[in-house]
Structure formats: C-alpha cells, structure tokens
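Here are my notes on the model you sent over, jotted down point by point. Have the structure open while you read.

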Amino acid sequence: MKSAYDIHMKILVIDDSAHFREAVKKALAETDHEVEVAEDGFQGLARIHDIRPDLVFTDVDMPKVSGIELTEIASSIGYPVIVMTGNDTMLDEAVSKVSGAKGFIVKDEKLGESIIAACRSFTDE
C-alpha cells in the first residue's frame with residue numbers, strides 16, 4: 001500500500017495567515033509533495049487554475065473569497081478540498097461538507113498530523 005510519502009502530489013495551501021501556511025508546508029516538508037501557497041481565496045482560485053493541484057487545503061475565514069465559497073467553486077470543477085479552521089464547531093464542519101469539502105481539519109496542536117493523515121487518505125484510494 002502506498003503512503004503519503006510514496007506518491008507525489010501537487011498541493012495548494014490557501015490561508016491568510018502566514019503562520020498557518022508555513023505550518024502546513026512544514027508538516028509536508030518530509031513528503032515528496034510539491035506545495036504551493038496562496039494568501040487569500042481570490043489568489044487561491046487563480047492558483048487552482050494555474051497549477052491544477054491534486055489536493056487543496058483552505059482556511060474558512062479569509063478576505064475577498066471565503067474558504068467556503070472557494071470550496072464550492074473548486075469542488076464543482078473536480079478539485080478535492082480539505083477545509084481548515086480554528087473553530088471546532090459542528091456548524092463549521094457541516095457547512096464545509098455541504099459546500100463540497102472532502103475533509104475538515106481543526107487548526108490545533110495536532111495540525112501537522114491531521115495534514116499528513118488527510119494526504120494519506122487521498123494517496124491510499
């Protein structure tokens with residue numbers, strides 16, 4: 001069985017927080033994945049068009065285009081999206097799933113582990 005380390009994926013990380021963009025990049029540093037970043041939802045949509053990622057991680061609360069809006073658009077054209085948020089609520093998770101998200105991650109002390117697990121779920125399919 002292949003692992004998150006065995007399959008090369010192009011991953012786009014969209015978050016208006018430089019801290020969390022870097023945290024996700026750091027979590028993926030030991031994998032063979034190519035990681036690109038965008039600073040907001042509008043830039044994220046442009047990057048999706050440009051790089052055609054295999055997997056997208058997006059924050060919920062961002063300027064210009066929210067993560068939920070981005071998820072609706074990206075998932076409608078076939079891009080898998082994992083939503084990340086600092087709000088661990090059932091409402092955020094439900095709204096994310098309704099918008100087409102393939103997963104939901106809480107930005108907590110286990111963020112790195114959650115990112116790797118999400119990547120693994122896509123490489124194991």
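1. Let's begin with glutamate 36, which is partly exposed because its relative accessible area is 22%. For the wording here and below, buried means under 20% relative accessible area, exposed means over 50%, and partly exposed is what falls in between, with a 1.4 Å probe and protein chains only. Before you read on, keep in mind that this is a predicted model, where local features need pLDDT of at least 70 and side-chain atom pairs count only at pLDDT 80 or more, while totals for chains, interfaces and linings use all residues. Numbering runs from 1 along each chain as its sequence is written, and side-chain values use heavy atoms, with hydrogens and water left out.

2. What does glutamate 36 form a salt bridge with? The partner is arginine 47, and the closest N and O atoms are 2.6 Å apart. The term stands for a side-chain nitrogen of Lys or Arg within 4 Å of a carboxyl oxygen of Asp or Glu. Arginine 47 sits in helix α2 and glutamate 36 in strand β2 (residues 34–38), so this pair ties together parts that are eleven residues apart in sequence. Helices and strands are DSSP runs numbered from the N terminus: H or I with at least four residues for a helix, E with at least two for a strand.

3. How many salt bridges turn up in a search of the whole structure? The count is five. Lysine 107 and aspartate 15 make one of them, with 2.6 Å between the closest N and O atoms. This one links distant parts of the chain, since lysine 107 is in the loop between β5 and α5 and aspartate 15 is in the loop between β1 (10–14) and α1 (18–27), 92 residues apart. Have a look at the surroundings too: lysine 107 and aspartate 15 are both buried.

4. Another salt bridge joins the side chains of aspartate 40 and lysine 64, at 3.6 Å from N to O. Again distant parts of the chain are linked, with aspartate 40 in the loop between β2 and α2, lysine 64 in the loop between β3 and α3, and 24 residues from one to the other. Is each partner buried or exposed? Aspartate 40 counts as buried because its relative accessible area is 11%, whereas lysine 64, at 65% relative accessibility, counts as exposed. Elsewhere, Asp15, Asp59 and Lys107 form one network through salt bridges that share partners.

5. Check the backbone at two spots. Lysine 64 has a phi near 75 degrees, a positive value in a residue other than glycine. Arginine 52 has a phi near 50 degrees, positive as well and again not in a glycine; arginine 52 belongs to the loop between α2 (41–51) and β3 (55–59). I flag these because most residues other than glycine have a negative phi.

6. Now the strands. In β4 (residues 81–85), five of the five residues are buried, so the strand is largely enclosed by the rest of the structure. Both faces are covered: Val81, Val83 and Thr85 lie buried on one side, Ile82 and Met84 on the other. β4 pairs with β3 in the parallel sense over four bridges, where pairing requires that DSSP finds at least two bridges between the strands. Valine 56 stands opposite valine 81 of β4.

7. β1 tells a related story: four of its five residues are buried, so β1 is largely enclosed by the rest of the structure. Its pairing with β2 is parallel, over five bridges. Lysine 10 has glutamate 34, in β2, as its bridge partner.

8. On the surface, Asp88, Asp108, Glu109 and Glu113 form a negative patch. A patch takes residues with over 30% relative accessible area and no salt bridge, joining like charges within 9 Å and nonpolar side chains (Val, Leu, Ile, Met, Phe, Trp, Tyr) within 5 Å. Asp and Glu count as negative and Lys and Arg as positive, with His and the chain ends not counted; each charge is placed at NZ of Lys, CZ of Arg, CG of Asp or CD of Glu. Areas come from the Shrake-Rupley method with a 1.4 Å probe, and for residues only the protein chains shown count as cover. Glutamate 109 is in the loop between β5 (103–106) and α5 (111–123) and is exposed because its relative accessible area is 69%.
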